[in-house]
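This report describes the strand architecture of one chain, then turns to a single residue within it. Please read it alongside the sequence and the structure.

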Amino acid sequence: PAAGGEARRVTRDPGDDFSPDFSPDGREIAFHSVRTGLRQIYVINTDGSGERQLTDDANHHFNPAFSPDGLHIAYADAAFAVYLISRASLQAPWEAPERLPIDTGYAPRWSPDGTRLAYDIRESGDGIGTYQMGDRPHVLISAATSDLQFLRWPEWGADGRTIYFRAVDETGILGVYAIAASGGAPRLLIQFDDASMGVFPSPVLAANGMFYFAISEIESDIYVMDLVTE
């Protein structure tokens, strides 16, 4: 088990900050914030220094995700278009966003090898899609091809062969499912059949064979905590 140390506050703006994602080297955190009235993408060092705003236009931008090499950040906007922000090196400045050929995507997440994105489909259907860099989007699973609805928040397994996601079954019960990244039938892993748990509709994070998700309460600032193995 891991015991938590003291939590350290990273962001201090009075505006709400959401969806933090660590850079692979653990030195930066990408997040989106509503502090300007619109959700925009930011990056900040984990010690609270060096905050940079990466998007600044008349649109909402959500759920940034660092690539495994730390050189790219993928995110989606309110129109469900997916974008990529890149830099030439870890010391180089971030470049202007580049739109990817994904028109119905949300909550993009990188495969462990950095060659693919998984995302949930919010328009023209309901499901989980994947995108191979330089190729075309692919529908992995949808409500039309399964007994599930509201397929959301994909997350890759550590070996890149499995994608986990949240979905609601035909009885209306929320659960966490797994599907092979190459396609196939989904498998139910966790079922939230206790209505009193109040599972927050946010990503299910998979790491070291465990799942992490928010219950009942959300927080509007970014904190970090050191984990000490006992």
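## Strands and sheets

The secondary structure of this chain consists of zero helices and 22 strands, where helices (H or I, at least four residues) and strands (E, at least two) are DSSP runs numbered from the N terminus. The model is predicted, so local features need pLDDT of at least 70 and side-chain atom pairs count only at pLDDT 80 or more, whereas totals for chains, interfaces and linings use all residues. Residues are numbered from 1 along each chain as its sequence is written, and side-chain values use heavy atoms, with hydrogens and water left out.

Of the 230 residues in the chain, 43% are buried; buried denotes under 20% relative accessible area, exposed over 50%, and partly exposed the range in between (1.4 Å probe, protein chains only). The chain exposes about 11900 Å², of which carbon and sulfur atoms supply 50%; accessible areas come from the Shrake-Rupley method with a 1.4 Å probe, and for residues only the protein chains shown count as cover. Among the contacts (heavy atoms within 4.5 Å) with a separation of 6 or more, 37% are between residues 24 or more positions apart.

Two of the sheets are described here. Strands count as paired if DSSP finds at least two bridges between them. One open sheet has four strands in the order β3-β4-β5-β6, with antiparallel pairing. Its edge strands, each pairing on one side only, are β3 (17-22) and β6 (52-53). Another open sheet of four strands follows the order β7-β8-β9-β10, and its pairing is antiparallel. The edge strands in this case are β7 (61-66) and β10 (98-99), each of which pairs on one side only.

The table sets out one strand pair from each sheet.

| Strand pair | Bridges and direction | Residues opposite each other |
|---|---|---|
| β5 (residues 40-45) and β6 | two bridges, antiparallel | Y42 and Q53 in β6 |
| β8 (residues 72-77) and β9 (residues 82-86) | five bridges, antiparallel | Y75 and Y83 in β9 |

## Residue E98

E98 lies in strand β10, an edge strand of its sheet. Is E98 buried, partly exposed or exposed? With a relative accessible area of 45%, E98 is partly exposed. Leaving aside residues up to four places away in sequence, E98 touches V82, Y83 and L84. L84 is 14 residues from E98 along the chain, and the C-alpha atoms of the two are separated by 5.1 Å. Y83, also touched by E98, is the residue that stands opposite Y75.
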